[in-house]
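Here is a briefing on one protein chain. Look over the sequence and the fold, then read on.

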Amino acid sequence: MPVASSADMDALIKNAGNSESAIGRFAPSPTGPLHFGTLLAALGSYLQAKSCAGSWFLRIEDLDPPRVVPGAADAMLRLLEQLGFEWDGDIIYQSHRFKRYQQILEQLREQGEVFACSCSRREILASAPHPGEEGFVYPGTCREGIRGRRSERAIRLRVPDEEIIYHDRIFGEQRQNLERDVGDFVLHRADGLFAYQLAVVVDDIDAGITQVVRGADLLSSTPRQIYLYRCLNIVPPDYFHLPLAFGDNGKKLSKRNGDMGLITRENGSNMLWKGLVFLGQSPPEELFNSTPGELLCWGRENYHPEKIPAKNRQISFA
Ligand code: GLU
């Protein structure tokens with residue numbers, strides 16, 4: 001089954017790298033309330049798209065039901081709206097797209113790119129040569145077929161012994177040998193869910209995304225995603241990975257790390273200000289007590305991605 005008609009593909013290839021038709025997105029996982037780390041991804045992707053009159057889409061990454069916190073997506077959307085973010089088109093929910101992921105998985109199976117794997121995590125850990133991106137590098141156990149009468153657990157993508165090289169617009173050249181550093185990776189998990197790596201690529205392709213702006217914690221996932229684009233014969237988007245903000249305790253700001261950096265309607269302006277500063281955009285002092293709308297407007301008109309520091313840093317909310 002084709003991913004897209006050749007006309008669609010021509011349009012996608014033309015879009016990639018053409019800043020006049022920039023199409024960006026913000027893709028939060030609804031696993032808790034909006035915090036500063038997520039706000040940076042919203043702000044960076046919004047400014048990158050809107051500063052060149054592009055489109056900015058929203059996608060809720062509710063792929064993994066056990067991790068989804070009920071009500072978190074709605075609360076996040078309401079807050080973004082209150083902070084003056086305006087998105088284009090309808091919001092995409094990954095939980096509505098399982099059929100599409102299945103279709104692409106079938107296509108990859110027909111192309112001979114994937115194989116069924118019967119290994120449990122424990123077995124892989126015991127036989128993996130060294131720890132990799134996922135805590136281990138898959139040693140290729142089931143590449144040539146499942147042995148004996150064992151049953152299929154996951155579906156993995158066969159990766160080449162090749163360095164994937166890409167130029168991140170903020171962090172510069174990145175290289176990763178997929179076979180050595182990651183191993184054949186999972187597209188369909190043992191618990192029956194689709195893997196993030198597959199969903200994100202399929203969603204970005206279907207939405208015609210030309211620029212992916214997100215946290216630097218995903219720098220090392222990008223080579224896997226670029227390889228998936230190659231398997232699907234689609235040109236990958238441009239990548240801009242934003243520096244990560246750490247709290248006073250040196251830990252990454254996240255919903256799992258207490259309520260440090262939580263965004264509310266009341267502190268929204270201040271957090272947007274901090275976000276612009278963190279992204280190296282130096283807003284003028286007189287804007288300090290401005291409304292979120294004014295800050296976003298200033299950001300759109302004065303955005304310079306080359307000023308974003310390629311360095312994860314601590315930030316204080318005291
Ligand atoms: N859903 C991911 C997160 O919230 C972001 C995925 C992406 O932007 O590709 O960290």
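Two strands pair if DSSP finds at least two bridges between them. By that rule β4 and strand β5 (residues 154-157) pair, in the antiparallel sense, over four bridges. The model is predicted. It holds 10 helices and 12 strands.

**Overall numbers**

- The protein has 318 residues, and buried residues make up 51% of them.
- About 14800 Å² of the protein is exposed. Carbon and sulfur atoms supply 49% of that area.
- Take the contacts between residues at least 6 apart in sequence: 76% of them join residues at least 24 apart.

**Parallel strands β1, β2 and β3**

- Strand β1 (residues 23-26) runs parallel to strand β2 (residues 55-60), and four bridges pair them.
- R25 has F57 of β2 as its bridge partner.
- Helix α2 (residues 36-50) joins β1 and β2 in a right-handed β-α-β unit.
- β2 also pairs with strand β3 (residues 92-93), in parallel, through two bridges.
- Here R59 is bridged to I92 of β3.
- Helix α3 (residues 72-82) completes a right-handed β-α-β unit with β2 and β3.

**Antiparallel sheet β4-β5-β8**

- Three strands form an open sheet in the order β4-β5-β8, with antiparallel pairing.
- Which strands are at the edges? They are β4 (114-117) and β8 (185-188), each of which pairs on one side only.
- From one strand to the next, the twist averages 45 degrees.
- F115 has its bridge partner in β5, namely R156.
- Helix α4 (residues 98-110) lies across β4, β5 and β8. Its direction is at about 125 degrees to β8.

**Helix α3: one buried face**

- The buried residues of α3 are A72, A73, M76, L77, L79 and L80.
- Why do the buried residues of α3 line one face of the helix? Seen down the axis of α3, they fall within an arc of 165 degrees, so they line one face.
- In general, an α-helix has 3.6 residues a turn, so residues three or four places apart point the same way.
- The buried residues of α3 pack against β1, α2, β2 and β3.
- G84 comes just after α3 and takes a positive phi of about 95 degrees.

**Helix α9: mostly covered**

- How many residues of helix α9 (residues 268-278) are buried? Eight of its 11 residues are, and the helix is mostly covered.
- The buried residues are G268, S269, M271, L272, W273, G275, L276 and F278.
- Their packing partners are α2, β11 (245-246), α10 (292-302) and β12 (313-314).
- α2 thus has two roles here: it belongs to the β-α-β unit with β1 and β2, and the buried residues of α9 pack against it.
- G280 follows α9, with a positive phi near 75 degrees.

**I170: a loop residue**

- I170 sits in the loop between β6 (163-168) and β7 (172-177).
- Is I170 buried or exposed? Its relative accessible area is 12%, and the cut-off for buried is under 20%, so I170 counts as buried.
- Leaving out residues up to four places away in sequence, I170 touches F240, H241, L242, I308, P309 and A310.
- V213 is 43 residues from I170 in sequence. In space the two are 9.8 Å apart, C-alpha to C-alpha.

**Positive phi outside glycine**

- N233 has a positive phi of about 65 degrees although it is not a glycine.
- Its place is the loop between α8 (222-231) and β10 (238-242).
- What is the relative accessibility of N233? It is 57%, and exposed means over 50%, so N233 counts as exposed.
- S282 is not a glycine either, yet its phi is positive, near 35 degrees.
- S282 lies in the loop between α9 and α10.

Notes:
Residues are numbered from 1 along each chain as its sequence is written. This is a predicted model: local features need pLDDT of at least 70, side-chain atom pairs count only at pLDDT 80 or more; totals for chains, interfaces and linings use all residues. Side-chain values use heavy atoms; hydrogens and water are left out. Buried means under 20% relative accessible area, exposed over 50%, partly exposed in between (1.4 Å probe, protein chains only). Contact means heavy atoms within 4.5 Å. Accessible areas come from the Shrake-Rupley method with a 1.4 Å probe; for residues, only the protein chains shown count as cover. A crossover is right-handed if, with the strands pointing away from the viewer, the path from the first strand over the helix to the second runs clockwise. Axes are lines fitted to C-alpha atoms, for helices over the stretch in contact, and angles run from 0 to 180 degrees between N-to-C directions. The arc is that of the directions from the helix axis to the C-beta atoms.
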